[in-house]
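Student: I've got a model open and I'd like to know what backs up the labels people put on it. Can we go through some of them?

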Amino acid sequence: MSIEKDLLSWFLLNKRDLPWRKKRTPYKIWVSEIMLQQTQVATVIPYYERFLNAFPNLESLANADINKLMKIWEGLGYYTRVKNMQEAAKTILQKHNGVFPSKKTELLQLKGIGDYTAAIIASIAFKEHCAAVDGNVLRVISRLNAINAPIQLNTTKQTIRIVAQELLSLEHPGEFNEAMMEVGALICKPKNPTCDICPISLHCQAYKKGLEHKLPVKLKRAEIPHYHIAAGVIYKDDFVLIALRPANGLLGNLWEFPGGKQQQGESLEDCCKREIFEETGLHVNVLEKLISVKHAYTHFKITLHAYRCNYISGSPEPRASQALKWVRIEDLTSYAFPKANKKIIEKLQLAQFPTTLTLF
DNA sequence: ATCCAGGACG
DNA sequence: CGTCCTGGAT
């Protein structure tokens with residue numbers, strides 16, 4: 001039997017029942033694929049449902065308020081994805097008369113759509129004959145052909161893309177692409193691949209040679225730096241101050257408590273006071289530490305130390321942010337924050353309970 | 001605690 | 001080629 005037949009018949013019986021595999025439209029496929037970039041299926045599912053409820057079509061997405069968009073995306077990570085989606089939605093409305101582009105080359109012109117996403121949309125929604133190569137497919141094919149070159153290298157990826165395009169089913173390109181990824185997700189996993197139940201193990205060079213645990217070859221990552229960040233929860237009566245981060249760059253368009261990196265030889269308290277003045281122009285007293293939160297990004301990790309502060313003087317000027325705002329603790333949930341900041345907020349809201357309870 | 005998985009873009 | 005995030009496995 002051919003790889004194509006083995007793969008497609010397996011897929012028919014074994015594919016997962018996922019929300020974005022029901023009544024498909026180009027718009028919904030697009031939404032799911034953007035969310036699934038660098039993000040696991042289980043994480044995406046609740047976001048997918050909420051997003052489609054809030055923004056059921058291109059018009060609602062194109063016209064959405066950015067803060068509402070960010071709130072829906074809050075916690076999903078890689079926040080430029082949703083900003084790019086809104087731009088792409090506007091482009092489709094303005095340059096394609098609101099009709100979703102059907103060619104891979106057109107899709108590639110849209111913000112946030114790269115080679116993989118263009119190929120998967122074109123092949124599923126419009127049956128274009130193009131292979132969609134994501135991380136799963138890179139791994140599956142590196143084993144299938146026993147490719148013994150580091151998977152991160154562009155030359156290796158190019159080789160694999162060519163193989164993927166040659167393997168691709170003529171009649172069912174979309175299903176074939178999905179089936180390859182499904183095998184990668186369910187069977188041909190990074191660790192402990194279950195070759196005994198793999199539909200294409202008889203075609204697999206790595207399996208034949210007993211190399212399935214050695215492939216794909218990976219280069220080791222460089223060491224990443226660790227920073228300590230001090231942030232202030234600045235109280236003024238019943239309000240605390242939050243800052244809206246710049247639209248571009250790390251955690252763009254998300255809110256946070258003002259703060260920043262600790263410098264050489266500086267105490268965390270001094271750092272907190274300094275950063276608050278630099279970013280807001282406010283003078284504060286730094287009181288007790290509320291919580292320390294560890295968080296790892298791709299190319300560095302942080303420990304975020306949150307301090308309770310008291311407002312002394314000055315009027316807030318957004319010197320390093322788009323905006324500053326005094327809000328009540330109970331209203332913090334209306335704003336989109338990064339994960340590390342959410343943990344501070346949880347702590348604050350827990351701390352509210354005892355004061356409330358003493359009223360009884 | 002540490003490592004790993006997962007696409008697009010300037 | 002460095003920058004973007006979080007969750008899950010080990």
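**Rings, charges and a helix**

Tutor: Sure. This is a predicted model, and a search of the whole structure turns up ten aromatic pairs. One of them is F51 with W73, an edge-to-face pair.

Student: Why is the pair of F51 and W73 called edge-to-face?

Tutor: Two values settle that. The ring centres are 6.1 Å apart, and a pair needs centres within 6.5 Å. The planes meet at 80°, and over 60 counts as edge-to-face. So F51 and W73 qualify on distance and on angle.

Student: What makes this pair a link between distant parts of the chain?

Tutor: F51 belongs to helix α3 and W73 to helix α5, with their positions 22 residues apart. Both F51 and W73 are buried.

Student: On to charges. How do you know that R16 and E182 form a salt bridge?

Tutor: Their closest N and O atoms are 2.9 Å apart, and the cut-off is within 4 Å, so the pair counts. R16 sits in the loop between α1 and α2 while E182 is in helix α11, so the bridge ties together parts 166 residues apart in sequence.

Student: Why is E182 called buried, and why is R16 called partly exposed?

Tutor: E182 has a relative accessible area of 1%, and buried means under 20%. R16 comes out at 26%, which falls between the 20% and 50% limits, so it is partly exposed.

Student: What about R21 and E178?

Tutor: Those side chains also meet in a salt bridge, at 3.1 Å from N to O. E178 is buried, with a relative accessible area of 8%.

Student: And why doesn't R143 get a salt bridge?

Tutor: The nearest side chain of opposite charge, E212, is 7.4 Å away, and a salt bridge has to be within 4 Å, so R143 has none, though it is buried. R143 is in helix α9.

Student: How do you know that the length of helix α10 agrees with what it should be?

Tutor: At 1.5 Å a residue, its 14 residues should span 20 Å, and the end C-alpha atoms are 20 Å apart, so the two agree.

Student: What puts the buried residues of α10 on the same side?

Tutor: The buried ones are T156, I160, V163 and A164. They cover an arc of only 100° around the axis, so they share a side of α10. N154, T155 and E166 are exposed on the other side. Among the elements covering the buried residues is α9.

Technical notes:
Residues are numbered from 1 along each chain as its sequence is written. Chains are lettered from A and ligands numbered from 1 in the order in which they are written. This is a predicted model: local features need pLDDT of at least 70, side-chain atom pairs count only at pLDDT 80 or more; totals for chains, interfaces and linings use all residues. Side-chain values use heavy atoms; hydrogens and water are left out. Helices (H or I, at least four residues) and strands (E, at least two) are DSSP runs, numbered from the N terminus. Buried means under 20% relative accessible area, exposed over 50%, partly exposed in between (1.4 Å probe, protein chains only). Lys and Arg count as positive and Asp and Glu as negative; His and the chain ends are not counted. The expected span of a helix is 1.5 Å times one less than its number of residues. The arc is that of the directions from the helix axis to the C-beta atoms. Contact means heavy atoms within 4.5 Å. Rings of Phe, Tyr and Trp (its six-membered ring) pair if their centres lie within 6.5 Å; planes under 30 degrees apart count as stacked, over 60 as edge-to-face and the rest as tilted.
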